[in-house]
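Me: I'd like to go through a few labels with you and see what each one rests on. Could you show me the model?

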Amino acid sequence: MSEPKAPTPAPGDTYKGWLFKWTNYIKGYQRRWFVLSNGLLSYYRTQAEMGHTCRGTINLATANIAVEDSCNFVISNGGTQTYHLKASSEVERQRWITALELAKAKAFRMQAESDDSGDDSTPPATGQGAGSRNSEVQSTLRTLGSKVEDLSTCNDLIAKHGSALQRSLSELEGVRLGGETSEKIRQVTERATLFRITSNAMINACRDFLALAQTHSKRWQKALQAEREQRVRLEETLEQLAKQHNHLERAFRGATVLPASQSNPAIDSKGPVSGKGDASDEDEENEFFDACEDVQEFITVPADPKYHRRSGSNVSGISSELGMDDGTTSLDEQSLASNPESPQSQELVPVRKRRTRIPDKPNYSLNLWSIMKNCIGKELSKIPMPVNFNEPLSMLQRLSEDLEYYELLDRAAKCQSSLEQMCYVAAFTVSSYSTTVHRTGKPFNPLLGETFELDRVQESGYRSLCEQVSHHPPAAAHHAISERGWTLRQEIALASKFRGKYLSIMPLGSIHCIFEKSTNHYTWKKVTTTVHNIIVGKLWIDQSGEIDVVNHKTGDRCHLKFAPYSYFSRDVARKVTGVVTDKDGKAHYVLSGTWDEKMEYSRVMQSSRRGENGADGRQKTVYQTLKAKELWRKTPLPEGAENMYYFSTLALTLNELEEGVAPTDSRRRPDQRLMEQGRWEEANAEKQRLEEKQRTVRREREREANRAASPSEEAEEVEIASEPSETTYKSGHQDNYKSMWFEQLVDPVTGEPTHIYKGGYWEAKEQGNWDSCPDIF
């Protein structure tokens with residue numbers, strides 16, 4: 001049977017209704033009838049009990065009201081009475097909170113007014129403002145008291161001298177004088193008596209005023225305290241409403257403002273937002289960037305309808321109509337789909353069935369602060385970290401994950417236009433970050449000489465090789481080649497700093513992508529990765545910075561901007577924007593999306609400049625574009641990924657045992673294998689053994705180098721920088737180690753020293769000849 005809904009309470013009204021009251025752990029919440037009247041909250045089992053049996057009453061004048069969640073709240077008088085209550089809805093709970101707050105304020109005022117004026121006790125002042133007011137009142141009372149004491153002293157002197165004057169006059173009366181003189185003395189006596197009476201009346205009035213001021217000061221102090229508490233409650237309510245408003249506004253933007261193609265599911269799963277409760281509560285623990293850092297550099301608007309294609313026959317006419325002389329044609333996904341060689345039009349059946357699961361991650365507790373407190377300011381590679389903070393993959397395997405979306409390079413290799421090709425290459429650079437959104441575990445630092453091969457020729461047409469070519473600073477070389485006409489190579493060194501609350505990882509080195517058919521040579525660098533809430537809170541990862549993808553053959557360029565996460569920004573989280581320009585700086589495509597979900601492109605029809613837009617006062621470019629189309633979308637994670645370190649489908653297969661790999665391959669690393677199997681204590685012991693073995697080998701290698709070097713060369717050889725930097729990285733590595741499969745050369749394009757694959761690995765694998773490989777495990 002449903003009860004009628006109680007009206008919204010007004011000040012002074014009696015408020016009644018059903019609430020659920022916590023009784024005990026066996027019965028839980030039970031439905032009770034509550035009545036709020038005259039500052040008292042009473043409850044009954046049923047409405048019929050109101051006439052004879054009250055189950056409990058609490059005085060709101062001395063009670064504290066606290067809100068727990070959307071429907072629950074607690075009322076306590078600080079003693080033995082505490083009611084844990086739950087409303088049927090958030091709206092009903094807010095009605096009760098409003099009625100209780102109004103009743104509490106009224107009851108407090110009534111109690112203050114009815115207090116005995118002679119009560120000497122003064123309620124303690126709360127807060128700095130109340131303390132200053134009480135201090136001012138007490139100072140005024142002390143001044144008034146001092147003045148009244150002065151008046152009392154003057155009154156005593158007047159009384160004393162008045163008595164002496166009267167005695168003197170009485171003595172004069174006894175002397176026989178003339179009638180006129182006697183009359184004068186009588187008049188003086190009367191006036192002296194009137195003066196004394198008036199002085200006494202004035203003193204009594206001053207004393208009454210002081211007593212009245214002291215009496216009312218107590219009430220003033222109580223009233224000031226009540227007003228301050230009411231203001232604090234209102235401020236807390238406004239703050240809560242502001243958070244709810246901001247949360248609803250973001251939810252509304254994510255649900256309705258963006259079109260279906262622009263919706264970002266990652267808003268619900270981004271780093272600083274938890275899966276339960278209000279997102280704003282947890283955001284307070286995170287570190288956010290100022291909103292001004294997210295200033296948009298350009299504006300896109302829909303182009304004139306005449307530019308939109310009505311049929312496929314208009315494709316070739318767009319460039320000529322706009323006067324474009326670069327010979328480019330518009331990106332057409334339908335043409336790609338109709339191409340029988342396109343990856344979209346055929347299903348690749350893998351020759352080998354790869355694994356789809358690894359053992360679930362154990363739940364081990366660890367005191368992070370006890371390990372990290374002595375490591376603030378140090379480089380990450382020099383911090384002795386247990387495997388509890390790792391994931392069962394090495395940095396070489398993580399580097400190979402850049403090929404997760406190799407299809408983008410396959411499509412780029414088929415493009416006839418270098419500008420179209422640039423769009424796919426730019427999308428590929430962004431896609432490499434999509435696997436990091438939930439991956440807060442640290443990869444294993446590879447041992448010097450460690451390798452990792454990823455042979456996917458039969459399934460995907462490519463294979464790659466990684467090798468750790470330096471340990472101080474840590475650097476890895478990577479070379480991948482595809483049968484579909486592209487080569488990817490890179491050498492990445494990591495410079496990292498632990499700052500207490502967050503960890504910054506700055507990749508150093510360039511990435512090269514060369515296409516065989518067009519001989520286009522692209523280079524770019526990686527952005528900074530930041531891991532937030534290292535000590536307290538939920539770990540989350542952000543990517544921020546700028547990337548310039550450059551085609552060294554044609555001069556085309558794509559400038560990508562990874563916007564840092566900001567609590568105050570109205571843009572979607574993890575936003576990436578970019579503009580593809582030719583060698584003359586003319587824009588042809590605008591890219592937009594997020595690094596954890598998807599990227600889209602829009603063809604630029606016209607561009608113009610607007611004067612002084614935004615807070616920065618700079619001119620912004622307005623691009624008129626065609627309708628956006630999708631370049632890349634992230635593949636969903638496999639089922640149960642949250643229990644498997646959030647590995648993608650490719651990542652689950654990287655540590656799978658394979659026959660014929662080199663003895664230095666990461667799959668053969670024992671500590672990493674033990675961790676994957678859940679034997680973390682054994683993995684920690686094995687990790688320490690391998691690290692000590694590596695240090696011993698390095699010391700022996702340095703001694704041999706010193707013996708072979710001259711004194712001057714020896715001094716130069718043993719000089720070691722304290723931490724890696726761009727300068728240290730470019731000047732050469734500090735390890736006296738000669739790579740097995742890579743050789744260090746000066747890159748002809750960038751002019752940087754880099755390790756380039758010299759060949760021989762895959763031939764050694766075919767022959768099964770690994771005699772030259774070092775014993776590192």
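**Labels and their reasons**

Reply: Happily! In this predicted model, Glu491 is buried without any salt bridge, and the nearest side chain of opposite charge, that of Arg489, is 7.9 Å away.

Me: Why is Glu491 said to have no salt bridge?

Reply: A salt bridge needs the side-chain nitrogen of Lys or Arg within 4 Å of a carboxyl oxygen of Asp or Glu. For Glu491, the nearest opposite charge is Arg489 at 7.9 Å, so the salt-bridge cut-off of 4 Å is not met.

Me: What makes the pair Glu491 and Thr754 a polar contact?

Reply: Their side chains are joined at 3.2 Å, and the limit for such a contact is 3.5 Å. The side chain of Glu491 also has a polar atom 2.6 Å from the backbone nitrogen of His755. Glu491 itself sits in strand β14, residues 486–498.

Me: Why is Cys206 called partly exposed, and Cys466 buried?

Reply: Buried means under 20% relative accessible area, and exposed means over 50%. Cys206 has 21%, so it counts as partly exposed. Cys466 has 0%, and therefore it is buried.

Me: How many disulfides are there?

Reply: The count is zero; a disulfide would need two cysteine sulfur atoms within 2.5 Å.

Me: What makes helix α9 mostly covered?

Reply: Six of the eight residues in α9 (407–414) are buried, namely Leu408, Leu409, Asp410, Arg411, Ala412 and Ala413. Among the elements covering these buried residues are α10 (418–431), β13 (474–482) and β14, the strand that holds Glu491.

Technical notes:
Residues are numbered from 1 along each chain as its sequence is written. This is a predicted model: local features need pLDDT of at least 70, side-chain atom pairs count only at pLDDT 80 or more; totals for chains, interfaces and linings use all residues. Side-chain values use heavy atoms; hydrogens and water are left out. Buried means under 20% relative accessible area, exposed over 50%, partly exposed in between (1.4 Å probe, protein chains only). Helices (H or I, at least four residues) and strands (E, at least two) are DSSP runs, numbered from the N terminus. Lys and Arg count as positive and Asp and Glu as negative; His and the chain ends are not counted. A polar contact is a pair of N or O atoms within 3.5 Å; within protein, one must be able to donate a hydrogen and the other to accept it, and residues adjacent in sequence count only if both atoms are side-chain atoms. Contact means heavy atoms within 4.5 Å.
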